[in-house]
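Me: Could you take me through the geometry of this model by way of short questions and reasoned answers?

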Amino acid sequence: TGGPDYRPLDEAGLRPYLAGLPAIRDALGGDPAGWHVTEVGDGNLNLVFIVRGSAGGLVVKQALPYVRLVGDSWPLPLDRAWFEWHALSEQARHVPHLLPKLHHFDPAMALMVMEWLTPHIILRKGMIAGTRYPRLAGHMAEFLAQTLFKTSDLHAPAAEKKAKMAPFCGNTALCKITEDLVFTDPYRIAKLNRWTTPQLDGLAAQFRADAAAKVAAQELKWAFLTRAEALVHGDLHTGSIMVTETDSRAIDPEFAFYGPMGFDIGALLANFFLAYFAQGGHATPADDRSDYRSWLLVQVEAIWSGFEKRFLELWRAEARGDAFEAGLFADADGALALDAHRKATMARLFRDTVGFAGAKMVRRILGLAHVADLETIADPDRRAACETQALRLARAFLVERDRFTGPADLRHAAETIY
Ligand code: ADP
Ligand code: MG
Ligand code: MG
Ligand code: MG
């Protein structure tokens, strides 16, 4: 519920609060009484304000002591603002151009001030509208490769990595949300589950009785619980990316912790597949969306391929961590064996990615939090048809992930799902 210095701000409270921060006051400019404040939070958890003055605008994000989507019956610790700020700060060491600029953090108020991304829009909205973003895949490949490699034991010395990881082990409340909502609840009767009913009742029951899918989901959960490979964003869906035609920024890493790399890559790709299956619900007589569907699958390939290439480049050139001591692989045999292992590691990471993608797709259709791509399809029969295809692909991703050896396999599977 917050310490003595915490109070949730409204539009009236925000003005004097920001006026008391000299650098922020200057950046906004003019008389605080004339600042224009709007609350724009459309997320599940927090308050987000845009504040505009005569010199410019800024965004203020403040955590609430409960889950906004559900209400004050579901308390949630305010220190998630601390995790979000520190994840952004760490990511900013590696990819500052792919994030909002950071201006101010107040831990007692669970509040941060950052760059107002404008005219950016949320990627998910652009994808529902059928807009193409030519630089997006390259940006996301770079974001994933840099943030995951540079925070891993391949790049950071063990003592440094562990020191940075220690505080993130405290992000247990948000990790627990993922553990329950992604890996467990969709596979059992849970109060917060919902789906398009009655159309998907049978499929939902099938998932609850699907022992192979449940083992796969719980195996992924175990990886999520134990494998501290890198600082992961933790919530890298298409609602956490803001874009223009030429620029991409990742926002909202409050779920960040040291976890399996494939979780972030899988989250992102899952949302491209959900968008892909949703297109059928957005088709019009003028545009059947088939070109856009192919564009989405091309992006999946480009994100994975770009990520793999960049990650391998970084691993070959900047392996300063304690994993794979360079001195052991100085001779020709050693160098060859190490590089073969690097490629095998990428293959393992791809399988993780596919599994996590499957889990993320299932939770968005059978669990608590759904995606606008599908929710905006007004006709429930049409929506259920899209969701059924997505669930079938997701089940294959979960249970048969060893069968997918590269992104072309994913594309083929999506195109041939019945
Ligand atoms: P939550 O954690 O509640 O999901 P988000 O950080 O995702 O909050 O922000 C919610 C919404 O606020 C975003 O979908 C976006 O529309 C808007 N938003 C957040 N940060 C910015 C920003 N830096 N610039 C512009 N809009 C933003
Ligand atoms: Mg969000
Ligand atoms: Mg959200
Ligand atoms: Mg969030």
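What follows is a set of questions and replies on the sheet, the helices, the metal site and some backbone features.

Reply: This is a predicted model, in which local features need pLDDT of at least 70, side-chain atom pairs count only at pLDDT 80 or more, and totals for chains, interfaces and linings use all residues. Residues are numbered from 1 along each chain as its sequence is written, chains are lettered from A and ligands numbered from 1 in the order in which they are written, and side-chain values use heavy atoms, with hydrogens and water left out.

Me: Which strands stand at the edges of the open sheet?
Reply: Strands here are DSSP runs of E with at least two residues, helices are runs of H or I with at least four, and both are numbered from the N terminus; two strands pair if DSSP finds at least two bridges between them. The open sheet has 5 strands in the order 1-2-3-7-6, with antiparallel pairing. Each edge strand has a single partner strand, so one side of it is left without a neighbour in the sheet, and these are strand 1 (36–39) and strand 6 (102–106).

Me: What is the bridge partner of Val51 in strand 3?
Reply: Strand 2 (residues 46–52) pairs with strand 3 (residues 57–63) in the antiparallel sense, over 7 bridges. Within strand 3, the residue that partners Val51 is Leu58.

Me: What angle does the direction of helix 3 make with that of strand 6?
Reply: Axes are lines fitted to C-alpha atoms, for helices over the stretch in contact (heavy atoms within 4.5 Å), and angles run from 0 to 180 degrees between N-to-C directions. Helix 1 (residues 11–19) lies across strands including strand 1, to which it runs at about 130°. Helix 3 (residues 80–94) packs on the sheet, touching strand 2, strand 3, strand 6 and strand 7, and its angle with strand 6 is about 150°.

Me: Which residue takes a positive phi in the hairpin of strand 6 and strand 7?
Reply: Strand 6 and strand 7 run antiparallel and are joined by 4 bridges, with Asp106 having Leu111 as its bridge partner in strand 7. The hairpin has 4 residues between the strands, and the one with a positive phi, near 50°, is Ala110.

Me: Which residue bridges the two magnesium ions, ligand 4 and ligand 2?
Reply: Donors are N, O and S atoms within 2.8 Å of the metal (3.2 Å for Na, K and Ca), and water is not among the atoms, so sites may look incomplete. The protein donors of ligand 4 are Asp252 (OD), Asp252 (OD) and Glu254 (OE), at 1.9 to 2.2 Å from the ion. The magnesium ions lie 3.5 Å apart, and the residue bridging them is Asp252.

Me: Is Gln146 buried or exposed?
Reply: Buried means under 20% relative accessible area, exposed over 50%, and partly exposed in between (1.4 Å probe, protein chains only). Gln146 sits in helix 5 (residues 136–150) and, leaving aside neighbours within four places in sequence, is in contact with His94, Val95, Arg310 and Leu314. Its relative accessibility is 5%, so Gln146 counts as buried.

Me: What is omega for the peptide bond from Thr197 to Pro198?
Reply: Most peptide bonds are trans. Pro198 is found in the loop between helix 7 (172–181) and helix 8 (201–208). The bond from Thr197 to Pro198 is cis, with omega near 10°.
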